[in-house]
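Reader: I'm new to this one. Can you walk me through the structure?

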Amino acid sequence: MWPKSDELPQFGVLQGVKVLHATQAQASPFAAGLLADYGADVIWLESALTPDVRRSMPSRTVEGDSRNQRNFALNIPSEEGRKIFLSLIEDADIFIECSRGAQYEKWGLSDEVLWEHNPKLVIMHQSGFGKTGVDAYVNRPSYDSIAQAYSSYMDNNRNPVTAPYPVGPYAGDFITGMYVALGCLAALHRATVSGQGESMDLAQFEACFRTQQYETDWLTDHVIKERAGDPPAMAGITTARCKDGRYIQTSFTGAVSTKKGCELLGIPYGTDLVPEGTGLLYMGSEAGDLFRAKIEEFCAEHDGEDVQRAFFEAGLPCQLVYTMGDLENDPHAQARGLFVKWQNMRGEEITGSRGVPVFKRNPTQVWRGAPWWGYDNEDILHQFGYDDEQIKKMYEDKVIAKDAEGSLQYPWPR
């Protein structure tokens, strides 16, 4: 049903690049999924002892993140598994793993050992707290919300009426995944130029901390500029409730928007209250408080679509707060081809996001659904010269494993 190793489709900007990833949960699997979208030949190296937790989640997340990949369920630290793993490393450009601490070193698979087998290999180690630092931290278990809590990302999302809460869904995981992919591609470029591989150590909390606007204000001046849950300091930026209960996001900033907003809302412009050329109005000032009040009043008196239309006609930046259903039915998202369909292993039609961004000359594509646990074991092992008898013994010795019918995928009612 699906192409074998020698029949894989060639497409995208990463065609010819071979990626091996031994990852689980969300962050690094998302990164590997991005590389697969761009045309890389990606082998998902899943544990032969414990399948990825995403397979049993009440969600189709695995379908989107792990499409376009082959799956090999291998017990890496076993004697035979280690041998097979190193053979895979010799054929890879990028290796991504997400274990805690020095797991691979304990298995005798340090960076230096991997480079002995492939000097140009790009290695990404992703974990909650990194591979170096204070040992007690390095060995801590971590997930999305833990990284958000430690990095202050969660604190910066507090508001006056709730406890701090993690930004969802799983923002810390997806942020980290993007840094994993970016780091791998940057290192791959350098390895291609220099002929020398690279090893990266990415702590998830560092990715969350790096992706905050005001970290330099705190580290330099120990000043908190604003938190995500705080009422916006700029009067023209707000989320207002409309008459029909819908919400609209406004971003009236800059001299042009301030002038147009005042004109639409009936606020005297070019006066002592709002002088000509005013770029920003802040809450706490007479003009700023009036500007915000007039926005909220206008929205409360009109339905959402009418509010958006009026603001658009006035040349003001705004957007109704969309649900996924709103976006799915929006003509612009449809015209850009954001939504694509493919078949999963069961032959069901899956709909999800196409790869982003849009590449003009080397577009992304979806050639395969997320593979079942161990689906490509035989194909990959045959590629490395193993025969059927050897493979049978590997199953018996629990070096490899397989879910032949896909029973582990979605064991929940759909």
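Author: We'll go through the chain as a whole, then the sheets, the cores, the cysteines and one serine. Keep in mind that this is a predicted model.

Reader: Fine. How many helices and strands are in the protein chain?

Author: The protein chain has 17 helices and eleven strands. Its C-alpha trace spans about 85 × 50 × 45 Å along the principal axes.

Reader: What percentage of the 414 residues is buried?

Author: Buried residues make up 44% of the 414. The chain exposes about 20900 Å², and carbon and sulfur atoms supply 53% of that.

Reader: And the contacts with a separation of 6 or more: what share comes from residues 24 or more positions apart?

Author: Those pairs account for 71% of such contacts.

Reader: On to the sheets. What is the strand order in the open sheet of six?

Author: The order is 3-2-1-4-5-6, and the pairing is parallel. Strand 3 and strand 6 are the edges, each pairing on one side only. From one strand to the next, the twist averages 15°.

Reader: How many bridges join strand 2 to strand 3?

Author: Six bridges join strand 2, residues 41–47, to strand 3. One residue to look at is leucine 45, whose bridge partner in strand 3 is phenylalanine 72. Further along, strand 4 and strand 5 pair over four bridges, also in the parallel sense. There, glutamate 97 has histidine 125 of strand 5 as its bridge partner.

Reader: Back to strand 3. How many of its residues are buried?

Author: Six of the six residues in strand 3 (69–74) are buried, so the strand is largely enclosed by the rest of the structure. Gln69, Asn71 and Ala73 point one way, while Arg70, Phe72 and Leu74 point the other.

Reader: Why do they split like that? What do side chains do in a regular strand?

Author: In a regular strand, side chains alternate between the two faces of the sheet.

Reader: Which strands does helix 3 lie across?

Author: Helix 3, residues 79–90, lies across strand 1, strand 2, strand 3 and strand 4. Helix 3 runs at about 155° to strand 3. Helix 8 lies across strand 4, strand 5 and strand 6, at about 160° to strand 5.

Reader: Next, the largest nonpolar core. Which residues touch the most other members?

Author: They are Val19, Leu35, Ile94 and Ile96, in a core of 29 residues. Elements that give two or more residues to this core include helix 1, strand 4, strand 5 and helix 8. The largest share, seven residues, comes from helix 8.

Reader: What does isoleucine 96 touch?

Author: Leaving out residues up to four places away in sequence, its contacts include Val19, Leu35, Met124, Val180 and Cys184. There is also a second, separate core of 27 residues, with Ala22, Leu74, Tyr104 and Ile400 among them.

Reader: Now the three-stranded sheet. What is its order?

Author: The order is 7-8-9, with antiparallel pairing in an open sheet. Strand 7 (237–241) and strand 9 (318–320) are the edge strands. Strand 7 and strand 8 pair over five bridges. Alanine 240 stands opposite isoleucine 248 in strand 8.

Reader: Which helix packs on strand 7 and strand 8?

Author: Helix 12, residues 286–300, touches both, and its direction makes about 30° with that of strand 7. Helix 13, residues 304–313, lies across strand 8 and strand 9 at about 160° to strand 9.

Reader: How many disulfides are there?

Author: The count is zero.

Reader: Why is cysteine 299 not bonded to cysteine 242?

Author: Their sulfurs are 4.7 Å apart, which is too far for a bond. The cut-off for a disulfide is within 2.5 Å.

Reader: Cysteine 242 and cysteine 299: buried or exposed?

Author: Cysteine 242 is buried at 3% relative accessible area. Cysteine 299 is buried too, at 0%.

Reader: Last one. Where is serine 142?

Author: Serine 142 is in the loop between helix 6 (135–138) and helix 7 (144–150).

Reader: Why does serine 142 count as buried?

Author: Its relative accessibility is 18%, and buried means under 20%. Beyond residues up to four places away in sequence, serine 142 touches Gly128, Phe129, Ala147 and Gln204.

Technical notes:
Residues numbered from 1 in each chain as written. Predicted model: local features only at pLDDT ≥ 70, side-chain atom pairs only at ≥ 80, totals over all residues. Heavy atoms only, no water. Pairing = 2+ DSSP bridges. Contact = heavy atoms within 4.5 Å. Axes fitted to C-alpha atoms, helices over the stretch in contact; angles between N-to-C directions. Core = buried A, V, L, I, M, F, W, Y, C linked by side-chain atoms within 4.5 Å. Buried < 20%, exposed > 50% of the residue type's maximum accessible area, 1.4 Å probe, protein only. Areas by Shrake-Rupley, 256 points an atom, 1.4 Å probe, with all protein chains shown as cover.
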